[in-house]
Amino acid sequence: MSTACNEMSEHHFLCSICLEVLNDPVTTPCGHNFCKTCISTCWDTSTTSKCPVCNQVFSTKPQLKVNIMMRELFNCFVFYLFLSEFSQRLVTCSLDQWFSTFSCRDR
Ligand SMILES: [Zn+2]
Ligand SMILES: [Zn+2]
């Protein structure tokens, strides 16, 4: 799993229903990820349970469990974003400033 962060891109963490970052990610049997509330609402309001992405129909409503791995990957991704933003900040701010303030946040 150590290389997972490098292979991630933001769209892995976007819900196809609300187009926001996944909140309590659940994975359907076809392998697509949605927010738990989004997919639940989607299935509650329709007579068939199907995947909004690939239209695979599930004869019985699949059990939705929060995908722990997705959540951990997501945390990893957030950390990665934080690191890259942090290093960009280092580049854009002069070293002198860095050493005198230890932070470029307010500059
Ligand atoms: Zn959603
Ligand atoms: Zn699907």
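A residue is termed buried if 20 or more other C-beta atoms lie within 10 Å of its own, exposed if 12 or fewer do, and partly exposed in between, with C-beta atoms placed from the backbone. The structure is a predicted model, in which local features need pLDDT of at least 70 and side-chain atom pairs count only at pLDDT 80 or more, while totals for chains, interfaces and linings use all residues. Residues are numbered from 1 along each chain as its sequence is written, and chains are lettered from A and ligands numbered from 1 in the order in which they are written.

**Exercise 1. Classify Asp-24 and Leu-19 by exposure, and describe their backbone and place.**

Step 1. Asp-24 has 17 other C-beta atoms within 10 Å and is therefore partly exposed. Leu-19 has 8 C-beta neighbours inside 10 Å, so Leu-19 counts as exposed.

Step 2. Neither residue is a glycine, yet phi is positive in both: near 55° for Asp-24 and about 60° for Leu-19.

Step 3. Strands (E, at least two residues) and helices (H or I, at least four) are DSSP runs numbered from the N terminus. Leu-19 is located in the segment before strand 1 (25–27), and Asp-24 is also placed in the segment before strand 1.

**Exercise 2. State the secondary structure of the protein and the share of its residues that is buried.**

Step 1. The protein contains 3 helices and 4 strands.

Step 2. Along the sequence these elements follow the pattern β-β-α-β-β-α-α.

Step 3. Of the 107 residues, 9% count as buried.

**Exercise 3. Identify the residues of the largest nonpolar core and the elements that supply it.**

Step 1. A nonpolar core is a set of buried Ala, Val, Leu, Ile, Met, Phe, Trp, Tyr and Cys residues joined through C-beta atoms within 7 Å.

Step 2. The largest such core has 7 residues, namely Cys-15, Leu-22, Val-26, Phe-34, Cys-35, Cys-38 and Ile-39. At least two residues of this core come from each of strand 2 (33–35) and helix 1 (36–44).

Step 3. Two residues are in contact if their C-beta atoms, placed from the backbone, lie within 7 Å. Leaving out residues up to four places away in sequence, Phe-34 touches Cys-15, Ser-16, Ile-17, Val-26 and Ile-39.

**Exercise 4. Compare the surroundings of Leu-22 and Asn-33.**

Step 1. Leu-22, in the segment before strand 1, counts as buried because 22 C-beta neighbours lie inside 10 Å. Asn-33, in strand 2, is partly exposed, with 19 other C-beta atoms within 10 Å.

Step 2. Beyond four places in sequence, the contacts of Leu-22 include Asn-33, Met-70 and Phe-74. Under the equivalent exclusion, Asn-33 contacts Leu-22, Pro-25, Thr-27, Asn-67 and Met-70.

Step 3. The C-alpha atoms of Leu-22 and Cys-38, 16 residues apart in sequence, are 9.5 Å apart. For Asn-33 and Leu-14, 19 residues apart along the chain, the C-alpha separation is 8.2 Å.
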